[in-house]
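Student: Please take one part of this structure and look at it closely, setting it afterwards in the context of the chain as a whole. I would like the cut-offs behind each term stated as you go.

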Amino acid sequence: MNLRRPKIGLALGGGGARGLSHIGVLKILEAAHVPIDMIAGTSIGALVGGCYALRPDAIELERRVREYIESPAFKNTGLNRFKRPEPAENFFGQVAKYVRERIVINLAHSRLSVVGADRMGRVVEAVLDDRRIEDTKIPLLIVATDLHTGDDCIMREGRIREAALASAAIPGFLPPVKQNGHLLVDGAVTAPVPVRALKDAGMDIIIAVDVGQDIRTQPEAQNIVDIMFRTNSITSHKLKTLLLEAADVIVRPDVGHIHWADFQNIRDLIEEGKRAAHEKLPDILELIREKRPFWMRLFRSGRQREEELQAA
């Protein structure tokens, strides 16, 4: 007989700047008093999720991230240089364009990445406290990809900054991260939205936040490289679709039109996250009610009913 409330997991997917909409989702869930028992994050989802897991305060999270993005320190990272007018479903196509247009081809044979790890390292250090994963107030899973085995690498302990850096190590753009005998790259390679990690951890309800682009909006291929990376986009999309089948609720902020490097668009990204989460809030609350044990449904107070209705 089930005598406890359902455990709720939140899966935050990767997508560069589009992942700032995760903050809006967190603000709505927090305001509606939706309990989060575990967070799993990939790439920027690991960064945002890690910040929130350490300090579960969405307003403070927004303040901290916005303050950093508007600071000279963020501009000095040079990430805005990678903003291009051409849409790209994932980082890999964008990196290919950068390599093709700006870097002598021989350089690609002698280096592991377009830029050094220090650039992303400065972002991670500015946003994430130097703590351990096991010290977070909300249990946290950070997902990367093992370049040797091709498997997910789910980090449950260790330095949170190191784990987040590995999870965001976009192949070709940032160098792989060596950690505990593994060579790690972006978790989006195998887990664009880390639903499976939460399922394996025993969560009863999984809320997935997908900030990827709709591949149907992609332009016509102009050359061989475009075709190669278009096929990679299709493969990634199919994988993500398959993984999302295990989620109970999927929140999809409409942010596909925003470039992955457009961090200056933080206000619109957060607002869209809020809108998308508010739209799904009735489904989330109903699912929680359905999975509560009978005695909790029977005796929950009239005040709780009123609060849930107001939040929805």
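Tutor: What follows is a close look at strand β3, its partners and then its wider setting.

The model is a predicted one, in which local features need pLDDT of at least 70 and side-chain atom pairs count only at pLDDT 80 or more, whereas totals for chains, interfaces and linings use all residues. Residues are numbered from 1 along each chain as its sequence is written, and side-chain values use heavy atoms, with hydrogens and water left out.

Strand β3 spans residues 140-146, and seven of its seven residues are buried. Here buried means under 20% relative accessible area, exposed means over 50%, and partly exposed lies in between, with a 1.4 Å probe and protein chains only. Helices (H or I, at least four residues) and strands (E, at least two) are DSSP runs, numbered from the N terminus.

Which strands pair with β3, and in what sense? Two strands count as paired if DSSP finds at least two bridges between them. Strand β2, residues 38-42, pairs with β3 in the parallel sense over four bridges, and within that pairing I39 has L140 of β3 as its bridge partner. Strand β4, residues 152-155, also pairs with β3 over four bridges, but in the antiparallel sense. Strand β6, residues 182-186, runs antiparallel to β3 and is joined to it by three bridges.

A144 illustrates how β3 meets two of these partners, since this residue stands opposite C153 in β4 and also opposite D186 in β6. C153 is itself buried, with a relative accessible area of 13%. Another cysteine, C51, is buried as well, at 8% relative accessibility. A disulfide would be a pair of cysteine sulfur atoms within 2.5 Å, and a search of the whole structure finds zero of them.

The connection from β3 to β4 is a hairpin with five residues between the strands, and in it G150 takes a positive phi near 80 degrees.

The loops flanking this hairpin are linked by a salt bridge, a term that requires a side-chain nitrogen of Lys or Arg within 4 Å of a carboxyl oxygen of Asp or Glu. R159 forms such a bridge with D130, and their closest N and O atoms are 3.1 Å apart. Because R159 lies in the loop between β4 and α8 (160-167) while D130 lies in the loop between α7 (117-127) and β3, the pair ties together parts that are 29 residues apart in sequence. Both ends are partly exposed, R159 at 31% relative accessibility and D130 with a relative accessible area of 45%.

The structure holds 16 salt bridges, and helix α11 (residues 266-291) offers pairs that are local in sequence. E272 and R275 form a salt bridge whose closest N and O atoms are 2.6 Å apart; being three residues apart in the helix, they are separated by about one helical turn. R275 also forms a salt bridge with E279, at 3.1 Å between the closest N and O atoms, and these two residues, four apart in α11, are likewise separated by about one helical turn. Along this series E272 is buried, with a relative accessible area of 14%, R275 is partly exposed at 39%, and E279 counts as exposed at 51%. Elsewhere, K27, E62 and R66 are linked in a network of salt bridges.

Returning towards β2, the loop between α1 (21-31) and β2 contains V34, which is buried with a relative accessible area of 7%. Although V34 and I284 are 250 residues apart in sequence, their C-alpha atoms are 8.4 Å apart in space. Contact means heavy atoms within 4.5 Å, and, leaving aside residues up to four places away in sequence, V34 touches I8, L29, L281, I284, L285 and I288.

For the protein chain as a whole, there are 13 helices and eight strands, and 54% of its 312 residues count as buried. Among contacts between residues at least 6 apart in sequence, 78% join residues at least 24 apart. The accessible surface of the chain comes to about 15000 Å², of which 53% belongs to carbon and sulfur atoms; such areas come from the Shrake-Rupley method with a 1.4 Å probe, and for residues only the protein chains shown count as cover.
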